[in-house]
Amino acid sequence: MAATTPPKVVFEHEGVFIHSSPDESEDQDLISGFLRIVEKEGETLVEYKPLEDADPSNMLCACKDSSSVVEWTQSSEENPHRPVDHQLSYETEWDMINAVSFRRKVHANGDGGSNHVNEQNKRAFSFNVCDLRSVTVKCEGWSYLTFRLKDGTALPAIHFHQGGSKAFLDSLRKSVQINESPDDESVLIVSTYSKAFSQSFENLLDDTNYGFVQQKFKKDPYTTTLGGFSKVTNYLFDAFRAPELECQQRPAEEVADVLGELIPGLEINQQEEPGFEVITRLDLGPRPEMQRTGPVTMEEWAKYQDLEGRMTNLPHLKDAIFKGGLCHAVRKEAWKFLLGYFPWSSTHEERKLLQKRKTDEYFRMKLQWKSVSEEQERRNSRLRDYRSLIEKDVNRTDRNNKFYEGLDNPGLILLHDILMTYCMYDFDLGYVQGMSDLLSPILFVMENEVDAFWCFVSFMDEMHENFEEQMQGMKTQLIQLSTLLRLLDLAFWNYLEAQDSGYLYFCFRWLLIRFKRELHFQDVLRLWEVMWTRLPCQNFHLLVCCAILDSEKQKIMDRKYGFNEILKHINELSMKLDIEEILSKSESICMQIKSCKDLPHSVSEILGLNTVSEPSAALETSEYGILESPQTSPRSSHRQDHVVSNGHSHLKETTQNGCKVAFIS
């Protein structure tokens, strides 16, 4: 939902010819034209146009959605961008910076989506790289290329009599994955991909030992991207379900190796090694029943504030939030404390000053990207990539929610602007697909651009490693989750292991965006605010995973689900989960683990149990034995203690010291 920008030419070459006749007759005409690759509104287009009719305003380009046709026109003074109707900035001196405009081109006729040939000139064509299936490369003294689209259309061969075919293909590779066909060396198979997630899978394409994985990746590479979260686990499912292997049991070593490739750096151990903490089957004792309570109301919240606005009796307040969540009317204020934007000990006046300071800081960062000229952005590929990904994701984030539905929605505008500004705040990370899912509920609750941004910053401090190129957060959590599940139910874990599912990669989506795609929107709000209390232990979200699996294990085992069925079953749980039941069971599991006298050290590390020997006088202890400081926020500074919630630092220390866990039945 960003402002329409003119097309950006990333490759252009003149002196490219189409032969009027496919045979070698001497009297055939050579039609000279130019070939170019263009980026427009997040899409990458390939265009050929004869020189005698090179006015790009006449071109019709098929978009990724073939039912949508856009006319390639530039904004003119007669059609200025429509100003935003509603501004949510509360600092009037920044209104100019906040006044971004968005427009979506409305097309009266979408029937031309499959028409790749301009009716005015049969030799001209334009297509989206997402619609490209293959490129055939031939050489007859010069090189010529033939494009074949996914709908079977074969476009006229283009001849490079004056060279340039290699430069064109090199430029095309920046937008798509190109691999040589195993059946015909002259045919290049084209696969589109998302830079944000394909980094985790790029090693597969270079490893000839996993031919069946390569075939699946090439066949449907988009399933590896975060653009469609529901397809991530399906990709893993398909990658292992090669036709020739579908009915065979795969060796454990092979599965471990392939999973190591899917998530680079994830260590899978098939046998005991020196340095392992060997643990026999443990009797955890009975699992207590835990009851949920009602949400904290406005009246109850007010009782925890003193006359100057300081929050008091924090252990009891956090216990109440953990036990029942918050009424929606309380969330706008309470989430700022839970996420560390507001210090718990701050007064009303201190918070007003903080908001003023943070407002200025936010809009200074926003001005940075708002003031980038088209010429500057043309020379900044990273900023272009970030903007393109954000525009795509904003367009499809929670569009069934009234806050984000409809065209030119102010909520979508704010979603876009906050994500673009976050790129200025953390340019190294920038934007990765999936981050819009984390921002959407926060903006929905805050209804304010600046407050939503700083709360999002705090949340991203916690989730940062999930989205880094090496995905360290995901590697960490998958190992931790496997450790916990083996402790809780070794028989079930052994069953999953026997079905090649012991690495719990089907939980990838759960962990990556904190169940955002698994629960109804209001349930996501409840789950997140409960987790942000940091009660009753560290990494409570891992126990939420265990609770869901505990509820489904009997069905999985009784029906003898195999690898394929397990993945399918877990995927189909989306929007069918009872959040209150899950939270109650998760708390019960935590209490059961805490009651174990001989708890393995590695499990204590994951859950943050017994990590402090004696509480200091300045700390208060909650009902769950979690130490709380009434004078500091959960994260006093960004990027310094985000490891506390995810336990990343503990796992790093554990793996470096070789303190891993092996269970003996």
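This is a guided tour of the structure above, stop by stop, with what to select at each one.

**Before you start**

The model is predicted, so that local features are given only where pLDDT is at least 70 and side-chain atom pairs only at pLDDT 80 or more, while totals for chains, interfaces and linings use all residues. Residues are numbered from 1 along each chain as its sequence is written, and side-chain values use heavy atoms, with hydrogens and water left out.

**The whole protein**

Begin with the whole protein in cartoon view, which shows 25 helices and 15 strands; these are DSSP runs numbered from the N terminus, helices being H or I with at least four residues and strands E with at least two. Of the 665 residues, 56% count as buried, where buried means under 20% relative accessible area, exposed means over 50%, and partly exposed lies in between (1.4 Å probe, protein chains only). The accessible surface comes to about 28900 Å², and 48% of this belongs to carbon and sulfur atoms; the areas come from the Shrake-Rupley method with a 1.4 Å probe, and for residues only the protein chains shown count as cover. Taking contacts (heavy atoms within 4.5 Å) between residues at least 6 apart in sequence, 71% join residues at least 24 apart.

**Helix 19 and its cover**

Next, select residues 521-531, which make up helix 19, a mostly covered helix with 10 of its 11 residues buried. Among the buried residues are Phe521, Asp523, Arg526, Trp528 and Glu529. To see what covers them, add helix 8 (314-324), helix 9 (328-338), helix 14 (435-446), helix 15 (449-467), helix 20 (540-558) and helix 22 (579-594), which are included in that cover.

Then move along to the loop between helix 19 and helix 20, where Pro536 is found. The peptide bond that joins Leu535 and Pro536 is cis, with omega about -5 degrees. For comparison, most residues other than glycine have a negative phi, and most peptide bonds are trans.

**Helix 9 and a buried pair**

Select helix 9, whose buried residues include Val330, Arg331, Trp335, Lys336 and Phe337. The buried residues of helix 9 pack against several helices, among them helix 7 (298-303), helix 10 (348-370) and helix 19. Just past the helix comes Gly340, which has a positive phi near 85 degrees.

Now show the side chains of Lys336 and Asp451, which form a salt bridge with the closest N and O atoms 3.2 Å apart; a salt bridge here is a side-chain nitrogen of Lys or Arg within 4 Å of a carboxyl oxygen of Asp or Glu. The pair links distant parts of the chain, since Asp451 is in helix 15 and Lys336 in helix 9, 115 residues apart. Asp451 and Lys336 are both buried.

**Other salt bridges**

The whole structure holds 35 salt bridges. Select Glu377 and Arg387 for one of them, with the closest N and O atoms 2.9 Å apart. Glu377 lies in helix 11 (residues 374-378) and Arg387 in helix 12 (residues 381-394), so the pair ties together parts that are 10 residues apart in sequence. Both Glu377 and Arg387 are buried.

By contrast, the salt bridge between Asp306 and Arg310 (3.7 Å, N to O) is made by partly exposed residues, Asp306 having a relative accessible area of 29% and Arg310 one of 31%. For a network of salt bridges, select Arg287, Asp489, Asp550, Lys553 and Lys585 together.

**Two residues with positive phi**

Go to Met471, which has a positive phi of about 55 degrees although it is not a glycine, and which lies in the loop between helix 15 and helix 16 (472-488). Met471 is buried, with a relative accessible area of 6%. Lys560 also has a positive phi of about 55 degrees without being a glycine, and its place is the loop between helix 20 and helix 21 (563-571). Lys560, however, is exposed, at 67% relative accessibility.

**A last pair of carbons**

Finally, select Asp437 in helix 14, which counts as buried at 3% relative accessibility. Draw a distance from its C-alpha to that of Arg517: the two residues are 80 apart in sequence and 8.4 Å apart in space.
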